[in-house]
Amino acid sequence: MPSIDVCFSPELLHLYDLKGKAVVAVDVLRATSTMVTAFAEGASHIFPVMELEECRGFAGRGCLTAAERNGIKAEGFDLGNSPFAYMNGNVAGRDIAITTTNGTRAIRLSEAAEEIVVGAFLNLQAVANHLRELNLDVLVVCAGWKGQFNLEDTLFAGALVERLNDAFGYEHDSALAALYLYQTAKQDLVEFLRQSSHVRRLEHLEIHKDIEFCLRHDVYDVLPVWRHDRLVDLMRVRELES
Ligand SMILES: O=C(O)[C@H](CS(=O)(=O)O)OP(=O)(O)O
Ligand SMILES: [Mg+2]
């Protein structure tokens, strides 16, 4: 039986051997929720990059550029990090290069893995189904905040552990801790996160609508996976191939 483990910060990735593993990179608030939304809204490819300058360079390749630092859209970019900015036809058929404070880092630092899947509550079941098919050991990589632990990504890890409970072994305390936290919180995630650092830190930006949206489960049947140098939606790839 494969196992599921949780890495609570990208800064701890040096402790793990990613070879042969499936990584689920998660930044619930808000980078991976936004990427999932972008694919659901018809984006073609997403290039997650770590630096603002690199992201800016993608404009010359016909990409929309998206950049967030400390919760706000960086100056000179097309989009920020709110899922709502990716709706209403804004990204349909477009390639997007994106850099965010935490989420894009979690993805790019996981490149040694056999498979990288981008997870959020919005596509939780699609991710769980894919992991069952892959049957590899799983490491959930929480984006955290600037190298530190956060609640929201850990809650996602716990929700995924719960969805996979019959098919994966819980030999890691990290997975059990995430599961117990999620089971405590799941009746009302918005309320549970009211005192969280993200909610308090970005309170002045009035992004409550974003937070409530990002905590909704199973809204999209979308499966962003890393291929070569970009994310593609595996659901759409399969649809085109069939
Ligand atoms: O835009 C977000 O919600 C956060 C802002 S902060 O770094 O947590 O203050 O960025 P993300 O990269 O999506 O975690
Ligand atoms: Mg975050």
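1. A residue counts as buried when its relative accessible area is under 20%, and serine 110 makes a good opening case. This is a predicted model, and in it serine 110 has a relative accessibility of 0%, so the residue counts as buried. Serine 110 sits in the loop that links helix 3 (103-108) to strand 7 (115-119). Leaving out residues up to four places away in sequence, serine 110 touches Leu13, Leu18, Val23, Ile116 and Val141. If you have the viewer open, those five are good ones to display around the serine.

2. Next, the overall build. The chain contains 10 helices and 10 strands. For 242 residues, a compact globule would be expected to have a radius of gyration near 18 Å, and the 16 Å of this chain agrees with that. The C-alpha trace spans about 45 × 45 × 30 Å along its principal axes. Of the 242 residues, 53% count as buried. Among contacts with a separation of 6 or more, 77% are between residues 24 or more positions apart.

3. A word on surface and charge, which may interest you if you plan to set up a calculation. The chain exposes about 10,400 Å², and carbon and sulfur atoms supply 48% of that area. There are 23 positive and 35 negative charges, and the mean positions of the two sets lie 3 Å apart.

4. Now the metal. Which residues coordinate the magnesium ion (ligand 2)? Asp27, through OD, and Leu29, through O, do so at 2.1 Å. Both aspartate 27 and leucine 29 are buried.

5. Please look closely at the backbone just after that site. The peptide bond running from leucine 29 to arginine 30 is cis, with omega near -5 degrees. Most peptide bonds are trans, so this one deserves a moment of your attention. Leucine 29 is also the residue that offers its O atom to the magnesium ion (ligand 2), and arginine 30 lies in the loop between strand 2 (22-26) and helix 1 (31-40).

6. Two asparagines are worth a glance in a phi/psi plot. Most residues other than glycine have a negative phi. Asparagine 70, however, has a positive phi, near 55 degrees, and asparagine 88 likewise has a positive phi near 55 degrees. Asparagine 70 is placed in the loop between strand 4 (64-69) and strand 5 (72-73), while asparagine 88 is in the loop between strand 5 and strand 6 (96-99).

7. Are these two asparagines buried, partly exposed or exposed? Asparagine 70 has a relative accessibility of 48% and therefore counts as partly exposed. Asparagine 88 is exposed, because its relative accessible area is 70% and the cut-off for exposed is over 50%.

8. Finally, arginine 132. This residue belongs to helix 4 (residues 124-134) and, at 32% relative accessibility, counts as partly exposed. Setting aside neighbours within four places in sequence, arginine 132 is in contact with Arg163, Leu164, Asp166, Ala167 and Phe168. One of these partners is another arginine, Arg163, and another is the aspartate Asp166. How far apart are arginine 132 and leucine 52 in space? Their C-alpha atoms are 36 Å apart, with the two positions 80 residues apart in sequence numbering.

Note on methods. Residues are numbered from 1 along each chain as its sequence is written. Chains are lettered from A and ligands numbered from 1 in the order in which they are written. This is a predicted model: local features need pLDDT of at least 70, side-chain atom pairs count only at pLDDT 80 or more; totals for chains, interfaces and linings use all residues. Side-chain values use heavy atoms; hydrogens and water are left out. Donors are N, O and S atoms within 2.8 Å of the metal (3.2 Å for Na, K and Ca); water is not among the atoms, so sites may look incomplete. Buried means under 20% relative accessible area, exposed over 50%, partly exposed in between (1.4 Å probe, protein chains only). Helices (H or I, at least four residues) and strands (E, at least two) are DSSP runs, numbered from the N terminus. The radius of gyration is taken over C-alpha atoms; the globule rule is 2.2 Å times the number of residues to the power 0.38. Contact means heavy atoms within 4.5 Å. Accessible areas come from the Shrake-Rupley method with a 1.4 Å probe; for residues, only the protein chains shown count as cover. Lys and Arg count as positive and Asp and Glu as negative; His and the chain ends are not counted. The place of a charge is taken as NZ of Lys, CZ of Arg, CG of Asp or CD of Glu.
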